[in-house]
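Please open the structure in your viewer and keep the selection panel at hand. The tour goes from one selection to the next, with a short account of what is found at each stop.

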Amino acid sequence: MQITDNFDSGNIRVINATDASNIQLEIKHDNQSEFYQWFHFKLQTELNANGERQEHVLHLNNVKNSAFPGGWNNYQAVASYDREHWFRVPTQYDGEKVTISFTPEFDSVYLAYFAPYSYERHQDLIHNAQLHPLCQLQVLGQSIDGRDMSLLTIGEPSEGKPNIWITARQHPGETMAEWFVEGLLDRLLDEDDGLARVLLNKAVFYIVPNMNPDGSVRGHLRTNAVGANLNREWLEPTMDRSPEVYLVREKMLEVGVDMFLDAHGDETIPANFVAGCEGIVAYDARHKALEDKFKDIMLVITPEFQDTLGYAKNEPGKANPTVGTNWVGNQFKCLAYTIEMPFKDNDFLPDASVGWSDERSRILGRDFLTGIYHMVDDLR
Ligand SMILES: [Zn+2]
């Protein structure tokens, strides 16, 4: 039996892997950070004494002190034999450790916290996008590990058009966020899609599919290469600690923002929801009307969206100004939402075999583009 995390976005520490019925593992911390929760590793399985496939029982021993212990309640890990199709495997949390138990059907199997989104796929995504006649692929600068901070600008910039910004994976382990962007981009770049054509006539899209490429490749949950939680860096980012935010923020200040969507995953809450700007200093009746309209539209568009479960609302003026959505909403006085998708499942529309998934995230991304279409005339 062999277990390795020596690849893009891998994360596991092997404590003991001699007995298939009692494999002891730990999740590694993000570099220079206390956060950990993302795991991703490959298991080369072992046959039993009779040469038959056998159950493998894998314990994640250190989850009790992970970033979101509540995330392990009712959580099922994902596995894949072909690295394309990810399915859920029986997983239990006893308050101390997470235990994954299943009998692999093939020699080698990948296990992860959620369907991974590789750096290669990220490159494919942005380079495929640049083939669209209205798309520009720009490098804003480099991350701490020297990776490109890539921005897609889609549409013809002009004075009167609203600028719609979409970012994903400030928290790199929240891979559903980039699956979401992939689905949204798929539709936006489809030249046969009338809704996309109208949107590109009326607005300009600025899309950063991966805000944290270093954390993504390093197998982090929540931080960049030096342990910065990028979604707490928006008030005063620096090129030393958070160039990823600094570079994107500079571009926002240059071109302006009329709408901002920042895609994330939530470890604990089993539903899709948005978190808005009710606590920012600049919040007013117009801002609230925009937020309410967008939520109402999304509720009509897809049963995957809901507004019952979510974060507690901030008191007026008490929003954390270092959070991307709050900083952008306040600075540009524009509609700004954090989009949260589950790691577990959408309990309002559960699917036991895959849970919330890469494909469902992609479809939700398409559906959010429909929502943007219904808002585009209201943004200015
Ligand atoms: Zn997040």
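Which strands make up the open sheet of five strands, and in what order do they lie? Bear in mind from the outset that this is a predicted model. The order is β2-β3-β5-β9-β8, and the pairing within this sheet is mixed. If you colour β2 (13-16) and β8 (91-93), you will have marked the edges, where each strand has a single partner, so that one side of each is left without a neighbour in the sheet. From one strand to the next, the twist of this sheet averages 25°.

**First stop: β5 and β9**

Select residues 56-60, which form strand β5, together with residues 98-102, which form strand β9; the two pair in the antiparallel sense, over five bridges. Now narrow the selection to H56, which lies in β5 and stands opposite F102 in β9. Is H56 buried or exposed? With a relative accessibility of 1%, H56 counts as buried, the cut-off for that label being under 20%. Showing the polar atoms around its side chain brings up two backbone partners: the backbone oxygen of Q54, which the side chain of H56 reaches at 3.0 Å, and the backbone nitrogen of E46, which lies 3.3 Å from a polar atom of that side chain.

**Second stop: the loop at Y81**

Move to Y81, which is found in the loop between β6 (77-80) and β7 (87-89). At 23% relative accessibility, Y81 counts as partly exposed. A distance drawn from the C-alpha atom of Y81 to that of A177 comes to 23 Å, for two residues that are 96 residues apart along the chain.

**Third stop: the annotated domain and its sheet**

Next, select residues 115-376, the range covered by the UniProt annotation "domain: Peptidase M14", which comes from an unreviewed entry. Over this range the chain is 37% helix and 17% strand, and the C-alpha atoms at the two ends are 32 Å apart.

Then display the open sheet of seven strands, whose order is β11-β12-β14-β13-β15-β17-β16 and whose pairing is again mixed. Its edge strands are β11 (135-142) and β16 (273-275), each of which pairs on one side only. Neighbouring strands here are turned by 25° against each other on average, with direction ignored.

**Fourth stop: β15 and its two partners**

Within this sheet, select residues 259-266, which form strand β15; how many of its eight residues are buried? Eight of the eight are buried, and the cover extends to both faces, with M259, L261, A263 and G265 on one side and F260, D262, H264 and D266 on the other. In a regular strand the side chains alternate between the two faces of the sheet.

Add strand β13 (residues 163-168), which runs parallel to β15 and is joined to it by five bridges. Along this pairing, W165 stands opposite F260, while A168 has A263 as its bridge partner in β15. Add also strand β17 (residues 335-342), which pairs with β15 in the parallel sense over eight bridges; in β17, the bridge partner of A263 is I339. A263 is therefore a useful residue to centre on, since it has a bridge partner both in β13 and in β17.**Fifth stop: the zinc ion**

Which residues coordinate the zinc ion? The donors are H171 (ND1), E174 through two OE atoms, and H264 (ND1), at 2.1 to 2.6 Å. The four donor atoms subtend angles of 55 to 148° around the ion, which makes the arrangement irregular. Along the chain, the donors follow the spacing H-x2-E-x89-H. E174 lies in the loop between β13 and α2 (176-188), whereas H264 lies in strand β15, so the pair ties together parts that are 90 residues apart in sequence. Of these two residues, E174 is buried with a relative accessible area of 2%, and H264 counts as buried at 1% relative accessibility.

**Last stop: E340**

Finish at E340, where UniProt places the feature "active site", again in an unreviewed entry. E340 lies in strand β17, and at 5% relative accessibility it counts as buried.

Technical notes. Residues are numbered from 1 along each chain as its sequence is written. This is a predicted model: local features need pLDDT of at least 70, side-chain atom pairs count only at pLDDT 80 or more; totals for chains, interfaces and linings use all residues. Side-chain values use heavy atoms; hydrogens and water are left out. Two strands pair if DSSP finds at least two bridges between them. Helices (H or I, at least four residues) and strands (E, at least two) are DSSP runs, numbered from the N terminus. Axes are lines fitted to C-alpha atoms, for helices over the stretch in contact, and angles run from 0 to 180 degrees between N-to-C directions. Buried means under 20% relative accessible area, exposed over 50%, partly exposed in between (1.4 Å probe, protein chains only). Donors are N, O and S atoms within 2.8 Å of the metal (3.2 Å for Na, K and Ca); water is not among the atoms, so sites may look incomplete. Four donors count as tetrahedral if all angles lie between 85 and 135 degrees; four count as square planar and six as octahedral if opposite donors are over 155 degrees apart and all others between 65 and 115; anything else is irregular. UniProt positions are given in the numbering used here, feature names are shortened, and annotations may be inferred rather than shown by experiment. A polar contact is a pair of N or O atoms within 3.5 Å; within protein, one must be able to donate a hydrogen and the other to accept it, and residues adjacent in sequence count only if both atoms are side-chain atoms.
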